[in-house]
Amino acid sequence: MATESSKTPDEPAPGRKSLYEASTQFKSWRFSPEQLVVVRESLNSAAVTAIRNTFEADELGSSAHVSFLNAEDEHLLVKLYITKIPQLCGHFRFPEEVEATAITYLKRFYLRNTVMDWHPKNVMLTALFLATKTTNNPISLDSYTSNIPRTSPSDVLDLEFLIAQSLSFEFAVWHAHRALWGLWLDLQSLPEITEDLRPRDVYEMALKHVRNSRFTDAELIYAPSQIALAALSLASPLLAQKWVGSKHSGAESAWGFLESTIGTVKYSITQTGQPPDVEAVREIDRRLKLCKNPEKVVGSKAYLARKAEEERKAEVKRNKKAEDVRRAIESDDPFGSALNEAECTRKIQELDDDDD
């Protein structure tokens with residue numbers, strides 16, 4: 001995670017938590033770059049091992065010539081489907097909040113899952129549909145799917161609970177575009193910043209950089225205010241320094257305090273804040289067809305075997321429940337035996353002890 005030294009000057013002093021620091025985003029979804037690498041590589045390694053074992057159980061030696069995806073391949077494929085979200089939001093005229101939230105959901109989902117289990121296409125469509133609801137911009141499922149070619153309502157509904165579960169039902173997202181708007185409003189209140197120094201196109205350029213940051217891991221590493229300040233600095237270094245100065249008595253020392261972190265965010269936006277090479281990702285997608293988890297491929301032997309095992313376990317559970325009911329009925333006491341006076345006294349004493 002970002003260290004104390006990387007905080008923006010307006011954040012509370014040590015010992016006082018900001019609202020952001022109390023959020024689930026700060027507690028559950030911030031990582032260091034090294035942690036992100038470990039998470040993705042661990043997920044990928046576990047998936048490859050499980051899928052290889054499934055192949056081998058079906059036919060010995062069948063996994064020998066399979067070209068499994070690595071963690072970087074998976075990341076590029078997810079990044080390609082991130083680019084589809086702004087296109088769909090433009091088609092449906094969803095607001096920026098929906099777009100940014102859906103992208104965040106897609107990124108977070110693949111910190112708990114792998115593309116070899118769940119292809120990003122339907123996950124992306126479901127993440128976007130979920131984002132319309134959590135941001136209070138709902139659309140009916142039929143209206144949504146009928147406007148997307150080759151998409152049925154079940155394609156979305158089948159994954160909705162899985163995605164919500166993978167997000168730990170933590171739907172609130174703190175976005176950099178909202179932080180940027182806050183910075184811009186601050187600048188308008190500074191007497192020394194005239195309209196000539198802050199033309200509207202500076203804000204539009206900074207917002208473009210914020211949008212480009214969504215193709216990077218920045219939101220998983222840095223606070224929204226740090227990303228917003230980096231975007232503003234790319235659009236107008238002078239305004240960024242003026243804003244920092246307005247929040248700290250020593251403008252130069254404050255900027256120097258932040259320069260390393262903001263510089264890293266700026267580098268990330270300018271160097272990796274672009275869509276991936278489509279042809280390279282298409283090759284990854286072709287390979288995915290050959291190494292996808294067969295237990296998730298409808299109709300495959302592994303899929304049918306998994307479903308049969310799930311049904312067997314469900315049948316055992318149903319039979320146990322039926323047997324428990326039968327025994328209760330035969331005992332003539334389906335609600336359990338009554339407590340005798342001594343037992344009642346003991347229970348009351350336990351409750352009194354708990355109150356102490």
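## The second largest cavity

In this predicted model, 14 residues line the second largest cavity, and the ones nearest its centre are H175, A176, S213, R214 and E219. Its volume comes out at about 130 Å³.

Where does the lining come from? Four helices each chip in at least two residues: α4 (96–109), α8 (176–188), α9 (200–213) and α11 (224–235). Of the contributors, α4 gives the most, with three residues. As for chemistry, the lining of this second largest cavity splits into six nonpolar, five polar and three charged residues.

## The largest cavity

Now for the largest cavity, which holds about 180 Å³ of space. Its lining is made of 18 residues, and R40, E74, H75, V78 and Y110 sit nearest the centre. The elements giving two or more residues to that lining are α2 (33–58) and α3 (71–92).

Which helix gives the most here? That would be α3, with six residues in the lining of the largest cavity. Sorted by type, the lining of the largest cavity has eight nonpolar, five polar and five charged residues.

## The whole structure

How many cavities of 30 Å³ or more turn up when the whole structure is searched? The search finds two. To recap the pair, the largest has α3 as its top contributor, while α4 plays that part for the second largest.

As background, rolling a probe the size of a water molecule over the atoms is a handy way to show where empty space is left.

Note on methods: Residues numbered from 1 in each chain as written. Predicted model: local features only at pLDDT ≥ 70, side-chain atom pairs only at ≥ 80, totals over all residues. Heavy atoms only, no water. 1 Å grid on protein atoms, 1.4 Å probe; cavity = no way out; pocket = protein on both sides within 12 Å on 5 of 7 lines; lining within 4 Å. Points joined across faces, edges and corners; volume = space filled by probe spheres on them. Nonpolar A, V, L, I, M, F, W, Y, C, P; charged D, E, K, R; others polar.
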